[in-house]
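Here is a short tour of charged side chains and the partners they find. Have the sequence and the model open as you read.

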Amino acid sequence: EAPAWDIGLAQGDITAWEPGMAMDGWGRFDHRVRGIAERLMVRAMVVRDRADGGRVALAVLDLMAIPLLLRQAVVERLATPRPERAWHPHDVMLLATHTHSAPSGLTDSPFYNSVNFGFAPDVFDHVAGVTADTILRAEDGLRPGRIRPGRVRIPASEPVAFNRSLLAHRANADVTGPLSAEDAVDREMIVLRIDDAAGVEVGAVSFLASHGTTVHGDRPLLHPDHKGLAAERLARLRGGTLPDGSSYVALFAQTCAGDVTPNHRPSVARGFHVAAWDDDEESARRIAEIEARH
């Protein structure tokens, strides 16, 4: 049976910051960018219906959130080089990995810009431009393929996700009996496996709720946290470069992160909860490995 879709994948580097700017996530005036621990990326997938030509784009960015201003700028940039093929805003979905170690100043909201003392136009333009370019490159790479959906429940023994507000959770009418922090969350991961027409796996999309907070606000370096590291990990597990010379692209997206956190152990030394390992870098890497494995 012939594939029903044309699918394209691409990735780009959105790492950008200004000396002394605040990071977005922890809301701390002292949480300033001093350098880069890991590159921040945008990973995109474009799907086109081979029957009617309808298309959608999904991009996952290593950011804390997707401000409306950023979304509008990306949609505008998608129309500029190809006005005859401009994307309808409803067909473009931008998601953040919700890392709390990302640059701020990407919105026109005074509240969210407060810790950064304002808007950061150069950083904003870089992120918006690279994101639009990555989606266009994914579109240029469209080729017949298949999307295979699957799901897996990550067991409670894997230290990936915990409920940080059990008291509030127990107030739900449908919650009865004893409940642990690792049980009071949705541990189901939904996965879309992307194959080309020959059945070669060329990418994947993962959806799982877990805050991007293994790297804390006392660390002054940009970091994609466990979601970004999981995308890199899965790509390496799949060989990185495919037989046709293209790159395997993995998108690790958030769902309803709410009160879902990887941090479940109180650290007396640091004064807040941390993940399963004392070192933030190790926690991010280990959780990424768990996500990629599943």
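Which side chain does arginine 48 meet in a salt bridge? The partner is aspartate 6, with a distance of 3.1 Å from N to O. Please keep in mind that this is a predicted model. In total, 22 salt bridges are found in the structure, and the points below walk through three of them, a small network and one buried charge without a bridge.

**Arginine 48 and aspartate 6**
- Arginine 48 belongs to strand 4 (residues 41-49) and aspartate 6 to strand 1 (residues 5-13), so this salt bridge ties together parts that lie 42 residues apart in sequence.
- Aspartate 6 is buried, because its relative accessibility is 7% and the limit for buried is under 20%.
- Arginine 48, by contrast, is partly exposed, at a relative accessible area of 31%.
- The pair also belongs to a network of salt bridges that links Asp6, Arg48 and Arg50.

**Arginine 219 and aspartate 279**
- A salt bridge joins the side chains of arginine 219 and aspartate 279, at 3.7 Å from N to O.
- Here distant parts of the chain are linked, as the two residues are 60 residues apart.
- Both ends sit in loops: arginine 219 in the one between strand 11 (201-207) and strand 12 (221-222), and aspartate 279 in the one between strand 16 (272-274) and helix 6 (280-293).
- Arginine 219 is partly exposed, with 26% relative accessible area, and aspartate 279 is partly exposed too, at 34%.

**Arginine 286 and glutamate 282**
- In helix 6, arginine 286 and glutamate 282 are four residues apart, which means that about one helical turn separates them.
- Their side chains form a salt bridge with an N to O distance of 3.0 Å.
- Arginine 286 has a relative accessible area of 30% and is partly exposed; glutamate 282, at 24%, is partly exposed as well.

**Aspartate 24, a buried charge without a bridge**
- Aspartate 24 is found in strand 2 (residues 23-25).
- How far away is the nearest side chain of opposite charge? That side chain is arginine 32, and it is 11 Å from aspartate 24, which is buried and has no salt bridge.
- A salt bridge needs the nitrogen and the carboxyl oxygen within 4 Å, so arginine 32 at 11 Å does not qualify.
- Leaving aside residues up to four places away in sequence, aspartate 24 touches Met64, Thr99, His100, Ser101, Ala102, Pro103 and Ser104.

Key. Residues are numbered from 1 along each chain as its sequence is written. This is a predicted model: local features need pLDDT of at least 70, side-chain atom pairs count only at pLDDT 80 or more; totals for chains, interfaces and linings use all residues. Side-chain values use heavy atoms; hydrogens and water are left out. Buried means under 20% relative accessible area, exposed over 50%, partly exposed in between (1.4 Å probe, protein chains only). Lys and Arg count as positive and Asp and Glu as negative; His and the chain ends are not counted. Contact means heavy atoms within 4.5 Å.
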